[in-house]
Amino acid sequence: MILPDHLAPGLRAVFCGTAVGAMSAARGHYYANPGNRFWRLLAETGLTPRRLMPEEDRLVLSFGLGLTDLCKVAAGQDAAIPKTAYDPGRLFAVLAPLRPRALAFTSLTGARLALAGLVRPGRLADDPRLPGVALWALPSPSGLARRHFSAAPWLALAGWLGD
């Protein structure tokens, strides 16, 4: 396992990346590349009261949030990771007993891999593997995906969680 999951029962939302990037793996913390907007987005959407540093990633639990990845055995850019390294079965098995309110994929690629189909940004259809858990697909906060990024689905998730 490249990075440990930061999970607990009853979280408001679990953020699931595709795989840990090389810099995050080297630093031992989620979303550690300075070009990644993840931590800034959590603060700007009000999901955390301030911008956390990657080294504070475990603090997400105190805000009712969790962190995991679809691939737990390899690190790097999505294109360099074999499709067989992604493990949706593990993800759903781990999350089902924890019953978070929402599972938010932090990339459309991750959502497609986990749900085996095309997805659009925003709230997704329910999945019987996670009854009672709302699924969301968010545009990747990675600097590599800057061209295709929109904060609107992130804001929609934060608004939904605030209800």
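So, R37 first: the charged end of R37 sits over the ring of F149, and the distance to the ring centre is 4.1 Å. This is a predicted model, by the way, so please hear everything I say as a description of that model. There's another arginine with a ring under it, too: R101 lies over the face of W160, 4.2 Å from the ring centre.

While we're on rings, let's stay with the aromatics. How many aromatic pairs does a search of the whole structure find? Eight. Take F15 and W154: their ring centres are 5.9 Å apart and the planes make 10°, so that pair is stacked. In sequence these two are distant, 139 residues apart, with F15 in strand β1 and W154 in helix α5. And are they buried or exposed? F15 is buried, at a relative accessible area of 0%, and W154 is buried as well, also with 0%.

W154 has another ring to talk to, F38. Here the centres are 6.0 Å apart with the planes at 75°, so we call this pair edge-to-face. F38 belongs to helix α2, residues 38-44, and W154 to helix α5, so the pair ties together parts 116 residues apart in sequence. F38 is buried, just as W154 is. If you'd like to find the whole group on the screen, look for F15, Y30, Y31, F38, W39 and W154, which form one aromatic cluster.

One member of that cluster deserves a second look. Y31 sits in the loop between α1, residues 22-27, and α2. Its phi is positive, about 50°, and Y31 isn't a glycine. Why bother mentioning that? Because most residues other than glycine have a negative phi. Y31 counts as buried, at 11% relative accessibility. R99 also has a positive phi without being a glycine, with a value near 50°. You'll find R99 in the loop between α3 and β3, and at 52% relative accessibility R99 counts as exposed.

Okay, on to the sheet. It's an open sheet of five strands with mixed pairing, and the order goes β2-β1-β3-β5-β4. Which strands stand at the edges? Those are β2, residues 65-69, and β4, residues 122-123; each has a single partner strand, so one side of each is left without a neighbour in the sheet.

Let's start from the β4 edge. β4 and β5, residues 134-137, run antiparallel and are joined by two bridges. If you want a residue to click on, G122 has A137 in β5 as its bridge partner. On the other side of the pairing, β3 and β5 run parallel, joined by four bridges. A137 turns up here again, standing opposite F105. As for β5 itself, both faces are covered: A134 and W136 are buried on one side, L135 and A137 on the other.

Now over to the β2 edge. β1 and β2 pair in the parallel sense, over five bridges. Among the residues involved, C16 has T68 in β2 as its bridge partner. Is β2 mostly covered or mostly uncovered? Mostly covered: five of its five residues are buried. That goes for both faces, with L65, L67 and D69 on one side and G66 and T68 on the other.

So what packs on the sheet? Let me go back to those edges for a second: β2 and β4 each have a single partner strand. Helix α3, residues 88-95, packs on the sheet, touching β1 (13-17), β2 and β3 (102-105), and its direction makes about 155° with that of β3. Then there's helix α5, residues 152-162, lying across β1, β3, β4 and β5 and running at about 160° to β5. That's the helix that holds W154, which we met with F15.

Last stop, R90, which lies in helix α3. What does R90 touch, leaving aside residues up to four places away in sequence? D5, T68, D69 and K72. With D69 there's a polar contact to look at: a polar atom of the R90 side chain lies 3.0 Å from the backbone oxygen of D69. And D69, remember, is one of the buried residues of β2.

How values were computed
Residues numbered from 1 in each chain as written. Predicted model: local features only at pLDDT ≥ 70, side-chain atom pairs only at ≥ 80, totals over all residues. Heavy atoms only, no water. Pairing = 2+ DSSP bridges. Contact = heavy atoms within 4.5 Å. Axes fitted to C-alpha atoms, helices over the stretch in contact; angles between N-to-C directions. Buried < 20%, exposed > 50% of the residue type's maximum accessible area, 1.4 Å probe, protein only. Polar contact = N/O pair within 3.5 Å; in protein donor to acceptor, adjacent residues only side chain to side chain. Phe/Tyr/Trp six-rings, centres within 6.5 Å; stacked < 30°, edge-to-face > 60°. Lys NZ or Arg CZ within 6 Å of the ring centre and 35° of its normal.
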